[in-house]
Amino acid sequence: MKIKRSDVTDSQGWLFEATPRSRRPLQRVAACFVTLLHKLLILAAFILFMSYVQSVTAGEAIEMEQVGQGTLFYRAAHDGQYRTAPVLSTEVDMRVTGFVNRAHIVQTFTNDSSDWLEGVYVFPLPENAAVDHMQMRIGERVIKGKIKERAEAKKIYQQAKAQGKRTSLLEQERPNMFTTSVANIGPGEQIKIEIEFQQTLRYDQGQFHLRFPLAITPRYIPGSKTGRSAGHVNASALPTDQVADADRITPIVALGKKVNPVSLHIELDAGFPLETLTSPYHATEHKAHGPGQYTITLSSGSVPADRDFELTWKPELGFAPRAALFREQVDNENYYLLMMLPPSQEKKAHVLPREVIYVIDTSGSMGGVSIRQARKALLLGLKRLRSTDYFNVIQFNSVTDKLFNQASPATAANIARATNYVAGLNAGGGTEMMQAMRNALQKHEDTPRLRQVIFLTDGAIGNEDALFEYIRHHLGKDRLFTVGIGSAPNSHFMRKAAQFGKGTFTFIGDVNEVQQKMQQLFAKLDTPVMRDLRLTQHFGDFDTWPQVMPDLYAGEPLMLTARTKAKSGEVQLFGKGQSNNWQASLFLQQGKVGKGIGKLWARSKIDALLDSLHDGADKQQVRNDVVKLALGHHLVSRYTSLVAVDVTPVRPQHEVLKSKAVPTNLPHGQDAKKIFGMQAKTGTAQYLMFMIGSLLLMAGILVVLLRQRRGAACAV
């Protein structure tokens, strides 16, 4: 009887091809190898898929703590139940005189639960704010905060918290990010935390700018996790080897209904009649009291804290300030705040060849409106290129990509190629900024061309200091200009990166502003600077900050703070323009009396001391100097905090105190999916696992199909 091939099976039922006896051992070895390979592929695919699912689940677990209809839900450790955090509302009151702003903030923590609570709230302030006052108000009782070294203040707070006393702590995480902690808020109770700060306003292109941040863009945290430190409850990131305090700068975000309503009240005394007074991002009502005097409030009464507030005003023609001087006497010291606006410079008669490097952030935090703003701004930049220019476009998220290997001529064909490249950019992934900065400041050859780097980003990173240090040591003759994109950019990064890059910073908070703001930036790029600025005086003890005066671009004033025992005398300023030199004088005795000038001087000196760390200054000496200044002027700093403690315990010791983080809002216009994809996955590793697992699974299926077609015999 003839045996058909299709009738032959092994003991396990697998079909195999009838083969001469001499070939069967070899075939069985091959079949066993294929079967083993098949099972290994399936196992590998399963492991990778489980890793991917676990990482996504971890991300979803973070998001579960963030999702709520305007309320943060957390899982209590003792019973696993979800409960709510304290409700927060904020009132902001500002008094603006000339170009100095004194602000008073009231944060009201309300405990609607039946538990005893500790509220922890991370919030933004202006990056140049000199925070000098904090007090805790319970009903009619007021407890004033005292300035202490940070570790000591934390210890005092923890002890009072454990003893059941009402207590509050104000700490600086970054110059533009602070944390308020309030312990022992009783059931149904309200506690108000009042904070005060002083700042100088920005004057540029003939306009004054008062910018008050209301939201924090979630920070991307690079590096490998090192474990949880004694930081915040329910932070959305863990410390890493690159950002040791990651859990202190990544507050959880409430999705759904907006939280944390804010009201604003501003009393403005500009000192001169105004041509314009506008609030570009919020509807406001203005009530005039006299020339240059206004009361400004929000039209809606309050708004959710989800985008930065800005107020701008422009003097009437003929009233634009050329110089201003304020003075304050504290004990035997006199403090001065000086502003001088150099004359406009002529356009360059000889246009220098340029090399313009455009860098655009395409990470997840740029999703939504921000990426559209950035693309529009960059396309305008491409249109401004001259035929003598060279250029390149660099985009970065989890990885960095360049349009050209090196800067290329601004030909019509290259610009068209760049235009198509930029038009196709979308946001997603992490914010690995360092590699993009390295590419931007990399020189391929010695060139006579003027290199200008235009960096468009929201600055949503946690490793700012590493970027500052790199810029400071690798800038060379380049100039770095930062363009802050979005409704709540990291202003600390934008300003400092431009400072170290010897350029300027520009904020674009709305897509309708792109044309105007980029035109102003282009004017600076095309206009010669006022350089080699120096100050002369004959007082002997004139301590000025900054000590090294920056180059100035068109429309930018020079601003200095000084301390001296002198009450009168002449200060002279000198500078060099493209075709002429500049000289101006101010007399100390003509200064207007102001308040808080000494604190602004101390804040400026503290900034300079911390900047010196990037040049290798002794860390302990810098710390000692900063602590001495901050304690002497009652300022919150990197090394000092404000703490307030009520003397009477109120929480019974048998009652458990529950620590709860107060959530922040996702900034207006941002894409939550892209943000949390960035935070949970931090790059492409999990996506890569998913792709590899998919390929392995497809390979396993292919093996099955081949086996079914050809047959095999092996027991593995």
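Helices (H or I, at least four residues) and strands (E, at least two) are DSSP runs here, numbered from the N terminus. What you're looking at is a predicted model, where local features need pLDDT of at least 70, side-chain atom pairs count only at pLDDT 80 or more, and totals for chains, interfaces and linings use all residues. Residues are numbered from 1 along each chain as its sequence is written, and side-chain values use heavy atoms, with hydrogens and water left out.

**Unusual backbone spots**

Let's start with the backbone. Most residues other than glycine have a negative phi, and most peptide bonds are trans. Proline 546 sits in the loop between β31 (543-545) and β32 (558-564), and the peptide bond leading into it from tryptophan 545 is cis, with omega near 0 degrees.

Then there are positive phi values. Asparagine 184 has one near 65 degrees, and it belongs to strand β10 (residues 177-185). Is asparagine 184 buried or exposed? Buried means under 20% relative accessible area, exposed means over 50%, and partly exposed is in between (1.4 Å probe, protein chains only). With 0% relative accessibility, asparagine 184 counts as buried. Lysine 502 has a positive phi too, near 55 degrees. Its place is the loop between α7 and β29 (505-508), and its relative accessible area of 43% makes lysine 502 partly exposed.

**A hairpin and its other partner**

Two strands pair if DSSP finds at least two bridges between them. Strand β21 (residues 323-330) does this with β22 (residues 333-340), antiparallel and over eight bridges. One of the matched couples is glutamine 329 with asparagine 334 of β22. The two strands make a hairpin with two residues between them, and aspartate 331 in that turn has a positive phi of about 55 degrees.

Which other strand does β21 pair with? That would be β35 (residues 592-593), in the parallel sense over two bridges. Here phenylalanine 326 has lysine 592 as its bridge partner.

**Rings that meet**

Rings of Phe, Tyr and Trp (its six-membered ring) pair if their centres lie within 6.5 Å; planes under 30 degrees apart count as stacked, over 60 as edge-to-face and the rest as tilted. By this rule there are 14 aromatic pairs, and the table shows two of them.

| Pair | Kind | Centre to centre | Angle between planes |
|---|---|---|---|
| Phenylalanine 396 and phenylalanine 455 | tilted | 5.8 Å | 50 degrees |
| Phenylalanine 468 and phenylalanine 493 | stacked | 5.8 Å | 15 degrees |

Phenylalanine 396 is in strand β24 (residues 390-396) and phenylalanine 455 in strand β27 (residues 450-457), so their pairing ties together parts that are 59 residues apart in sequence. Both phenylalanine 396 and phenylalanine 455 are buried. The stacked pair joins two helices: phenylalanine 468 comes from α6 (residues 464-474) and phenylalanine 493 from α7 (residues 491-500), so it ties together parts 25 residues apart in sequence. Phenylalanine 468 is buried at 2% relative accessible area, and phenylalanine 493 is buried at 0%. Elsewhere, ring pairs link Tyr203, Phe208, Phe272 and Trp313 into a cluster.

Some rings have a charge for company. A charge sits over a ring if NZ of Lys or CZ of Arg is within 6 Å of the ring centre and within 35 degrees of the ring normal. Arginine 211 has its charged end over the ring of phenylalanine 507, 4.4 Å from the centre, while arginine 449 lies over the face of tyrosine 390 at 3.9 Å from the ring centre.

**One side of helix α6**

Back to α6: its buried residues are Glu464, Leu467, Phe468, Tyr470 and Ile471. They sit on the same side of α6, because they cover an arc of only 165 degrees around the axis (the arc is that of the directions from the helix axis to the C-beta atoms). Contact means heavy atoms within 4.5 Å, and the cover over these buried residues includes β9 (165-174), α5 (433-440), β28 (479-485) and α7. After α6 comes glycine 476, with a positive phi near 60 degrees.

**The nonpolar cores**

A nonpolar core is a set of buried Ala, Val, Leu, Ile, Met, Phe, Trp, Tyr and Cys residues joined through side-chain atoms within 4.5 Å. The largest has 75 residues, and Val131, Leu170, Phe212, Leu268 and Trp313 touch the most other members. Helix α9 (residues 597-611) gives the most to this core, with seven residues. Apart from it lies another core of 35 residues, including Ile371, Ala377, Leu378 and Ile508.
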